[in-house]
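This briefing goes through one protein chain, from its overall build to single residues. Keep the sequence and the 3D view at hand while reading.

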Amino acid sequence: MDDGRWRALSLWMDGVAETLEPRPALDADLVVDVAIVGAGFTGLWTAYYLAAAKPSLSIAVLDKHIAGFGASGRNGGWCSALFAASREALAGTGGAAAVRQMQEAMNATVDEVGSVAAAEGIECGYTKGGTLVVARSAAQATRLRADIEVERKWGTTVDDLRWLSAAEATSRVSAQGVLGGTFTPHCASLDPARLVRGLAGAAERRGVRIFEQSPALRIAPGAVDTPAGRLRAPVVIRATEGFTATLPGHHRRLAPVYSLMIATEPLPPSFWDSVGWRSRETLSDGRHLIVYAQRTEDDRIAFGGRGAPYHFGSRVHSAYDRDADVFGKLRAALVGMFPAAADAQITHQWGGPLGVPRDWYSSVGFDPATGLGWAGGYVGDGVSTTNLAGRTLRDLICGRRTELTTLPWVGHHSPLWEPEPVRWLGINAGRRLMAGADASEARTGRPSRRAQWMGRFVGH
């Protein structure tokens, strides 16, 4: 695959300044101290922090394609403090204190990502403008206000999350039909491909070896098999997220669910004068079938959302990255929020799989007895959570007991997804239910009971 085809993966990959020619592949047996499968955010953050903590370690990272090929180079660029598990699920591990501990760690992680990017000279457009979630119907307003009430019960203060009036919300981003919204300062917008590619370079400067176009055929204690050689190591870390289901023995561990995005051409100053969006807040609204957006550094709107089908047997294929029907719906949603962008050219369309555990609960862990570790199941909130995973795996591998190793997600084991065809039926039924709930709320103005039921089903 040539440089141009790698750039076609996303707006972000298209904008990377460096060449995207692959690094050399693993072409013979090799012995190292730590082997990491996956050169996305999880694998590279882990390698980066481990190399800094113990420079004597030999660390090798493998990737089937190139660094940043997966969700790390294609996501919406939200470095947020969102964690993919319900408050109740976290409390089940360690009570209300565990909820607060996890949230404080996530809040701090948003800043940690920005600090590392600055220290390493990674120009990824990191801008901590917070997240604005607007209510564009009475049902959405009711739900967002209820969310704040729930958060207050878990100790979230007005400084962390607050309600904005319609005037306050539109003074930030003047979207169509805004009735109000919520705002949290704990999020930054960034260019994920420039961050992940810069992180790869930072890890290499610390002695980490990255082998690209080196697919893992099998992961086992002490070894990773590839087509051209066996990588032996006493520590082996699985960092494969949306591609986990393609590994032998992991078929039901994480469901690969597709999220798609579009991006406009750079929009003129007149558009931004009318819309605002001066702090580059990450933006969503209160619908059930999630949409997410940011104003890019070069004044585009990058707009994404769920809604693509889950494919039978947890299949992952490049053809699924593009779905004309979903792209059409994303454009309609974008124009619905910003009618002045109706004539804007869509210059990029892309997508890819993210990893969803059965209980919607991200996890990280390491077994010293086998030397096997993992992190993932971020459900689309991985830009920041991967950084926390990398620091946590560093401490676990080094045998340290720290505040990070006592977080409630450490050592969590999600149940396996149901066998097919139950998995296919359930995931796609849930997708259709959420889309139907949004349509129902648009007609009636009342919150959907079906969506509330679905939220309990997936752990929220």
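Helices here are DSSP runs of H or I with at least four residues, strands are DSSP runs of E with at least two, and both are numbered from the N terminus. Counted this way, the protein chain has 12 helices and 20 strands. The model is a predicted one.

**Overall build**
- The radius of gyration of the protein chain is 21 Å, which agrees with the value near 23 Å for a compact globule of 460 residues.
- Along the principal axes, the C-alpha atoms fill a box of roughly 60 × 50 × 45 Å.
- Of the 460 residues in the chain, 58% are buried.
- Taking contacts between residues at least 6 apart in sequence, 74% join residues at least 24 apart.

**The sheet of 6 strands**
- Strands of a sheet pair through backbone hydrogen bonds, and the pairing is either parallel or antiparallel.
- One open sheet has 6 strands in the order β9-β3-β2-β13-β20-β19, and its pairing is mixed.
- The edges are taken by β9 (209-211) and β19, each of which has a single partner strand, so one side of each has no neighbour in the sheet.
- From one strand to the next, the twist averages 15°.

**Strand β20 and its partners**
- Strand β20 covers residues 372-376, and 4 of its 5 residues are buried, so the rest of the structure largely encloses it.
- On one side, β20 runs parallel to strand β13 (residues 235-238), joined by 3 bridges.
- Within this pair, I237 stands opposite G373, and R238 has W374 as its bridge partner.
- Strand β19 (residues 363-367) pairs with β20 in the antiparallel sense, over 5 bridges.
- W374 of β20 is also the bridge partner of G365.
- β19 and β20 form a hairpin with 4 residues between the strands, where G371 takes a positive phi near 80°.

**The sheet of 4 strands**
- Another open sheet has 4 strands in the order β1-β12-β11-β10, again with mixed pairing.
- Its edge strands are β1 (30-31) and β10 (218-220), each pairing on one side only.
- β1 and strand β12 (residues 229-232) run parallel and are joined by 2 bridges.
- In β12, L231 is the residue opposite L30.

**Helix packing**
- Two packed helices are described by the angle between their axes and the distance between the axes.
- Helix α4 (residues 87-119) packs against helix α10 (residues 382-397) at an angle of about 100°, with the axes 9 Å apart.
- Angles of 65 to 115 degrees count as roughly perpendicular, and therefore α4 is roughly perpendicular to α10.
- From α4, the contact uses M102, A105, M106, T109, E112 and V113, and from α10 it uses V383, S384, T385, N387, L388 and R391.
- Sorted by class, this contact of α4 with α10 has 6 nonpolar, 4 polar and 2 charged residues.
- α10 also lies across β13, β19 and β20, and runs at about 20° to β19.

**A closer look at G242**
- Where does G242 lie? It lies in the loop between β13 and β14 (255-264).
- Is G242 buried or exposed? Its relative accessible area is 4%, and buried means under 20%, so G242 is buried.
- Leaving aside neighbours within four places in sequence, G242 is in contact with P256, V316, P353, L354 and G355.
- G242 and S259 are 17 residues apart along the chain, and their C-alpha atoms are separated by 11 Å.

Methods. Residues numbered from 1 in each chain as written. Predicted model: local features only at pLDDT ≥ 70, side-chain atom pairs only at ≥ 80, totals over all residues. Heavy atoms only, no water. Pairing = 2+ DSSP bridges. Buried < 20%, exposed > 50% of the residue type's maximum accessible area, 1.4 Å probe, protein only. Axes fitted to C-alpha atoms, helices over the stretch in contact; angles between N-to-C directions. Parallel < 35°, antiparallel > 145°, perpendicular 65-115°, else oblique. Contact = heavy atoms within 4.5 Å. Nonpolar A, V, L, I, M, F, W, Y, C, P; charged D, E, K, R; others polar. Rg over C-alpha atoms; globule rule 2.2 N^0.38 Å.
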